[in-house]
Amino acid sequence: MQILEKAPAKINLSLDVLHKREDGFHEVEMVMTTIDLADRIELTYKPDGKIQVESESRFVPNDERNLAYRAAKLLKDRYRVAHGVKIFIEKNIPVAAGLAGGSSDAAAVLRGLNRLWGLNASMKELAELGAEIGSDVSFCVYGGTALATGRGEKIQHLPAPPPCWVVLAKPSVGVSTHSIYQALSLENAFHPDTAAMVEALRTDSFERICSEVGNTLEAVTVGLHAEVDQIKEQMRQGGADAVLMSGSGPTVFSLVAQDARAQRIYNSLKGFCAEVYMVRMLGYRETT
Ligand code: ATP
């Protein structure tokens, strides 16, 4: 028996870091939405009880360090499952890019194995389990659009943004989220207005969404990788409606309403950056 799951990337429409907690995590407020750039996860039943993971990407480990493997192991242990699975990951989301590719793979494995192994866990149970793997996994279990608080695991669903193009460009550097948080100094840091972004989504205002995008981590990553600022400038010059770095970066995205303008920005970045994508927003949420 085989099950296919789509694992979409997310972008941060806003990301605010409030303070560092005593447990070492940062308290955040993030508005996230899924986009139509996705890994494809193939789950094949294994009767021998073993978990096996494979991907063709040289940037992703094919062993127990893979977040998809960790998701399967956690589910197997917690629900005392005797069955096994072979996980194949078709990796389309850039790795260590601020797009939560690994978290989305883990979330897709939780959803898919819930079906393959017939566990009948609710989405809420899967999201709670996901939080044990990583802060972005809970959001990725549901997908859609949400405000994530706490260390990212507390999810409040929000309406999807109006449909538009998302043009993404990833500079050739990989960025570790941990190192960006370490370099962050919260004194004098920029803080986006999360409440205003939530209101913009609730009132379905594309213009307000565009004017409220903001990311506390952006200045830190720009300080380490000047390419991020160069890409932002090029997108602005191309007439993007909004431009922002996603997560801890280094991927930069622009929101663009007009087809021709999005295509122009995409074409101009193609010669400049190795990884460029032009995709649609995904407004919907997982319901199974
Ligand atoms: P976030 O936006 O949640 O911070 P990211 O996009 O910056 O995530 P990922 O692509 O999820 O980062 O990868 C981060 C690290 O996790 C990489 O160093 C990678 O080797 C490791 N990793 C483990 N499993 C996976 C996986 N299935 N896909 C991608 N990376 C994985």
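How far from a polar backbone atom of Ala-100 is an oxygen atom of the ligand? In this predicted model, the separation comes out at 3.0 Å. Ala-100 has company here, since a ligand oxygen also sits 2.9 Å from a polar backbone atom of Ala-96, and a backbone N or O atom of Gly-98 is found 3.0 Å from an oxygen of the ligand. On its own the ligand would expose 620 Å², and the protein buries 79% of that.

Now for the wider surroundings of the ligand. The shell holds 21 residues, with Asn-66, Ala-96, Gly-102, Asp-136 and Thr-177 the closest. Sorted by class, ten of the shell residues are nonpolar, six are polar and five are charged. Helix H2 supplies the largest share of this shell, namely four residues. As for the site itself, the ligand takes up the space of the largest pocket.

Ala-100 deserves a second look for its backbone. This residue is found in the loop that runs between strand E4 (84–90) and helix H2 (101–116). Its phi is positive, at about 60°, even though Ala-100 is not a glycine. For context, most residues other than glycine have a negative phi, and most peptide bonds are trans. Is Ala-100 buried or exposed? With a relative accessible area of 12%, Ala-100 is buried, because the cut-off for that label is anything under 20%.

Asn-188 is another non-glycine residue with a positive phi, here about 65°. Asn-188 lies in the loop between helix H5 (177–183) and helix H6 (194–202). Its relative accessible area is 82%, and since exposed means over 50%, Asn-188 counts as exposed. So the two loop residues part ways on accessibility: Ala-100 is buried, whereas Asn-188 is exposed.

The backbone has one more feature to point out, this time at a proline. Where is the cis peptide bond that involves Pro-250? The bond in question runs from Gly-249 to Pro-250, and its omega is near 5°. Pro-250 belongs to the loop between strand E9 (242–245) and strand E10 (252–256).

Strand E2 (residues 26–46) brings in Asp-39. At 1% relative accessibility, Asp-39 is buried. Which backbone nitrogens does the Asp-39 side chain reach? One belongs to Asn-92, at 2.7 Å from the side chain of Asp-39. Another belongs to Ile-93, whose backbone nitrogen lies 2.8 Å from a polar atom of that side chain. Put together, a buried aspartate has its side chain in polar contact with the backbone of Asn-92 and of Ile-93.

Strand E2 also contains Thr-44. Thr-44 has a relative accessible area of 27% and is partly exposed, because that value falls between the 20% and 50% cut-offs. The C-alpha atoms of Thr-44 and Glu-227 are separated by 41 Å, with the two positions 183 residues apart along the chain when counted as sequence separation.

Last comes Glu-125, placed in helix H3 (residues 123–131). At 39% relative accessibility, Glu-125 counts as partly exposed. Glu-125 and Ser-138 are 13 residues apart in sequence, and their C-alpha atoms are 9.6 Å apart in space.

Definitions and conventions:
Residues are numbered from 1 along each chain as its sequence is written. This is a predicted model: local features need pLDDT of at least 70, side-chain atom pairs count only at pLDDT 80 or more; totals for chains, interfaces and linings use all residues. Side-chain values use heavy atoms; hydrogens and water are left out. Helices (H or I, at least four residues) and strands (E, at least two) are DSSP runs, numbered from the N terminus. Buried means under 20% relative accessible area, exposed over 50%, partly exposed in between (1.4 Å probe, protein chains only). A residue is near a molecule or strand if one of its heavy atoms lies within 4 Å of it. A polar contact is a pair of N or O atoms within 3.5 Å; within protein, one must be able to donate a hydrogen and the other to accept it, and residues adjacent in sequence count only if both atoms are side-chain atoms. Accessible areas come from the Shrake-Rupley method with a 1.4 Å probe; for residues, only the protein chains shown count as cover. On a 1 Å grid over the protein atoms alone, a cavity is a set of points where a 1.4 Å probe fits but cannot get out, and a pocket is an open set with protein on both sides within 12 Å along at least five of seven lines; lining residues have an atom within 4 Å of a point. A molecule sits in a cavity or pocket if more than half of its atoms lie within 2 Å of its grid points. Ala, Val, Leu, Ile, Met, Phe, Trp, Tyr, Cys and Pro count as nonpolar, Asp, Glu, Lys and Arg as charged, and the others, Gly among them, as polar.
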